[in-house]
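Got your viewer open? Let's take a short walk through this protein, one selection at a time.

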Amino acid sequence: MRKKFVVSVSNLKPGENPLTLSFPSSLIETKDAEIPGNIDAQLILRRNGDRIDVRGDVHFLAKLVCSRCLTNFKKEFREKIEVEYRQEIFRPKGLKVDLRRIINQDYYSGDEIDLFPLIRDTVILALPMAPVCKSDCKGLCPICGKNLNEGECGCKREETHPWKEMLKGIKEQIKRG
Ligand SMILES: [Zn+2]
Ligand SMILES: [Zn+2]
């Protein structure tokens with residue numbers, strides 16, 4: 001299954017080489033999200049000598065759980081891909097960091113480029129750590145648990161916001177000098 005992600009550089013013609021990959025999400029371990037359908041990657045591999053420029057996007061639909069109101073919702077993702085692959089010999093010596101994420105550059109050895117890590121990381125990084133069903137989601141009432149997007153429950157809740165508490169703390173610190 002992973003084989004179709006491996007591109008043979010010598011098989012690429014100079015200029016543009018389109019590549020479409022569609023695969024089941026079970027190939028990628030996603031912790032909190034479920035991806036019910038396929039993951040589709042539409043890429044163009046541009047070959048310039050032994051430099052391969054990979055551009056395109058990865059498209060998928062994820063089922064997420066709102067971190068505020070705990071309802072399930074679906075979200076469509078279309079993530080951009082833009083990485084240039086160079087031969088391993090050009091990798092800066094002694095540099096251990098992953099350049100792919102910093103300056104969109106990666107390296108290949110021999111004749112093969114494995115695009116799987118690139119696509120996998122693109123999907124994983126796109127998934128939010130704390131998903132919200134909508135930006136103004138009101139969340140659940142901490143007293144009765146009612147979903148406040150569906151209306152008020154009548155509980156007497158004290159309005160505290162984390163940032164207000166933080167601001168209070170900073171003000172007190174300034175007072176104390
Ligand atoms: Zn929500
Ligand atoms: Zn309530």
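Before the first stop, a word on terms: the domain bounds used here come from an automatic or database domain assignment. Keep in mind, too, that this is a predicted model.

Start by colouring residues 2-126 as domain 1 and residues 138-177 as domain 2, following that assignment. Now place a marker at the centre of each, taken over C-alpha atoms: the two markers sit 40 Å apart. Next, look at where the domains touch: domain 1 gives 4 residues to the contact, and domain 2 also gives 4. On the domain 1 side, you will find 2 nonpolar residues, 1 polar and 1 charged.

Now turn to the sheet. Select strands 2 to 6, and you have an open sheet of 5 strands, ordered 2-3-4-5-6, with mixed pairing. Which strands form the edges? Highlight 15-24, which is strand 2, and 105-108, which is strand 6; each of these pairs on one side only. Tilt the view to follow the twist, which averages 25° from one strand to the next.

Zoom in on strand 4 (residues 51-65) and strand 5 (residues 72-87). How do these two strands run, parallel or antiparallel? They are antiparallel, and 14 bridges join them. Show Leu61 as sticks, then look across to strand 5, where Glu76 stands opposite.

For the last stop, select residues 116-126, which make up helix 2. This helix packs on the sheet and touches strand 3 (38-48), strand 4 and strand 5. Compare the direction of helix 2 with that of strand 5: the angle between them is about 140°.

Notes
Residues numbered from 1 in each chain as written. Chains lettered and ligands numbered in written order. Predicted model: local features only at pLDDT ≥ 70, side-chain atom pairs only at ≥ 80, totals over all residues. Contact = placed C-beta atoms within 7 Å. Nonpolar A, V, L, I, M, F, W, Y, C, P; charged D, E, K, R; others polar. Pairing = 2+ DSSP bridges. Helix = DSSP H or I, 4+ residues; strand = E, 2+ residues; numbered from the N terminus. Axes fitted to C-alpha atoms, helices over the stretch in contact; angles between N-to-C directions.
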